[in-house]
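The report below describes a single chain and the ligand it is shown with. It begins with one loop, goes on to the overall layout, and then takes up the helices, the core and the ligand shell.

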Amino acid sequence: MNGFKSFVDPTDLIIAEGLTGVVGPNGCGKSNLLEALRWVMGENRPTAMRGGGMEDVIFAGAASRNAKNFAEVCLTIDNSERLAPAGFNDLDQLEVVRRITRDVGSAYKANGKETRARDVQMLFADASTGSHSPALVRQGQISELISAKPKARRRILEEAAGISGLYQRRHEAELKLNNTEANLLRVDDVVEQLA
Ligand code: ATP
């Protein structure tokens, strides 16, 4: 992380196998850390990042430090078993970088190549993880789960079964279908006018 929220200086974190708990005093940046992971995996809702706009993830300055002009998060994933999807599978490591620059916007790179947000989101969805993954447990989430409705609990099982990528594709296909139907109606109108 570099310039991301309270992580003004470059900060590395090794996430070991198994369960990782992040503990620390109030306001030390525990939630910011989880948000950095969500953000690099394609989170685009400012509300999910506890901000008003996407640029709010950039270090905004403090009493003794000026604001930064960009924020960057780089996620390096062990790919020695070559489990990454095609197109991202040519190296032993998969490195996904997201960077946002003030007044320019945000861009992604996967193993050094410019990549679209959608492809990064799909990459993580197909690997049964991503910005919505229940593997990232924020404060209060366990009690929310206990009182959750069955539909919300089903999403977690679906995530574990690795079918979230299919849901995203279905959603995109439905949007295309709706657009096509709207276009067909429009064509009918035009044909009627010409007749
Ligand atoms: P708690 O246990 O109270 O939930 P936490 O450890 O989860 O706290 P965070 O919410 O991750 O802490 O971090 C909050 C800190 O991050 C605050 O001090 C806030 O000022 C700082 N912060 C958030 N966004 C930015 C930003 N864009 N620039 C600078 N500092 C920021």
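Between which two strands does the loop that holds Asn111 lie? In this predicted model, Asn111 sits in the loop that links β3 and β4, and its phi is near 45°, a positive value in a residue that is not glycine. Asn111 counts as partly exposed because 17 other C-beta atoms lie within 10 Å. As background, most residues other than glycine have a negative phi.

**Overall layout**

The chain contains five helices and four strands, and read along the sequence these follow the pattern α-β-β-β-β-α-α-α-α. Its C-alpha trace spans about 70 × 40 × 40 Å along the principal axes. Of the 195 residues in the chain, 18% are buried, and among contacts between residues at least 6 apart in sequence, 53% join residues at least 24 apart. The domain assignment divides the chain into domain 1 (30–162) and domain 2 (166–195), and the C-alpha centres of domain 1 and domain 2 lie 32 Å apart.

**Positive phi values**

Besides Asn111, positive phi values are found at several other places, and the table sets out four of these residues with their positions.

| Residue | Phi | Position |
|---|---|---|
| Lys5 | about 45° | segment before α1 |
| Gly42 | near 110° | after α1 |
| Asn111 | near 45° | loop between β3 and β4 |
| Ser128 | about 60° | just after α2 |

Lys5, which like Asn111 is not a glycine although its phi is positive, belongs to the segment before α1. Is Lys5 buried or exposed? Lys5 counts as buried because it has 23 C-beta neighbours inside 10 Å, whereas Asn111, with 17 other C-beta atoms within 10 Å, is partly exposed.

**Helices α1 and α2 and the nonpolar core**

In helix α1 the buried residues are Glu35, Ala36, Leu37, Arg38, Trp39 and Val40, and they pack against β1 (70–78) and β2. Helix α2, which covers residues 117–126, has Val120, Gln121, Leu123, Phe124 and Ala125 as buried residues; what covers them includes β2 (93–101), β3 (105–110), β4 (113–115) and α5 (164–194). Strand β2 therefore appears in both settings, packed against by the buried residues of α1 and included in the cover of those of α2.

Which residues touch the most other members of the largest nonpolar core? They are Ala36, Val40 and Val57, in a core of 24 residues. The elements that give two or more residues to this core are α1, β1, β2 and α2. Ala36, which is also among the buried residues of α1, touches Met1, Phe4 and Val73 once residues up to four places away in sequence are set aside.

**The ligand shell and the annotated site**

Fifteen residues surround the ligand, and Asn26, Lys30, Ser31, Asn32 and Ala60 come nearest. By class, this shell has four nonpolar, eight polar and three charged residues. In the unreviewed UniProt entry, the annotation "binding site" covers Pro25, Asn26, Gly27, Cys28, Gly29, Lys30, Ser31 and Asn32, and Asn26, Lys30, Ser31 and Asn32 thus appear both in the annotation and among the residues that come nearest to the ligand.

Two of these residues can be described in more detail. Asn26 lies in the segment before α1 (30–40), and it is exposed because it has just 5 other C-beta atoms within 10 Å. Lys30, by contrast, is found in helix α1, and it is partly exposed, with 16 other C-beta atoms within 10 Å. Leaving aside neighbours within four places in sequence, Lys30 is in contact with Val22 and Gly24.

**The loop between α2 and α3**

Gln139 lies in the loop between α2 and α3 (141–146). Why does Gln139 count as exposed? It has 9 C-beta neighbours inside 10 Å, and the cut-off for an exposed residue is 12 or fewer. Gln139 and Glu17 are 122 residues apart in sequence, and their C-alpha atoms are 21 Å apart in space.

Notes:
Residues are numbered from 1 along each chain as its sequence is written. This is a predicted model: local features need pLDDT of at least 70, side-chain atom pairs count only at pLDDT 80 or more; totals for chains, interfaces and linings use all residues. A residue is buried if 20 or more other C-beta atoms lie within 10 Å of its own, exposed if 12 or fewer, and partly exposed in between; C-beta atoms are placed from the backbone. Two residues are in contact if their C-beta atoms, placed from the backbone, lie within 7 Å. A residue is near a molecule or strand if its C-beta atom, placed from the backbone, lies within 6 Å of it. Ala, Val, Leu, Ile, Met, Phe, Trp, Tyr, Cys and Pro count as nonpolar, Asp, Glu, Lys and Arg as charged, and the others, Gly among them, as polar. Domain bounds come from an automatic or database domain assignment. A nonpolar core is a set of buried Ala, Val, Leu, Ile, Met, Phe, Trp, Tyr and Cys residues joined through C-beta atoms within 7 Å.
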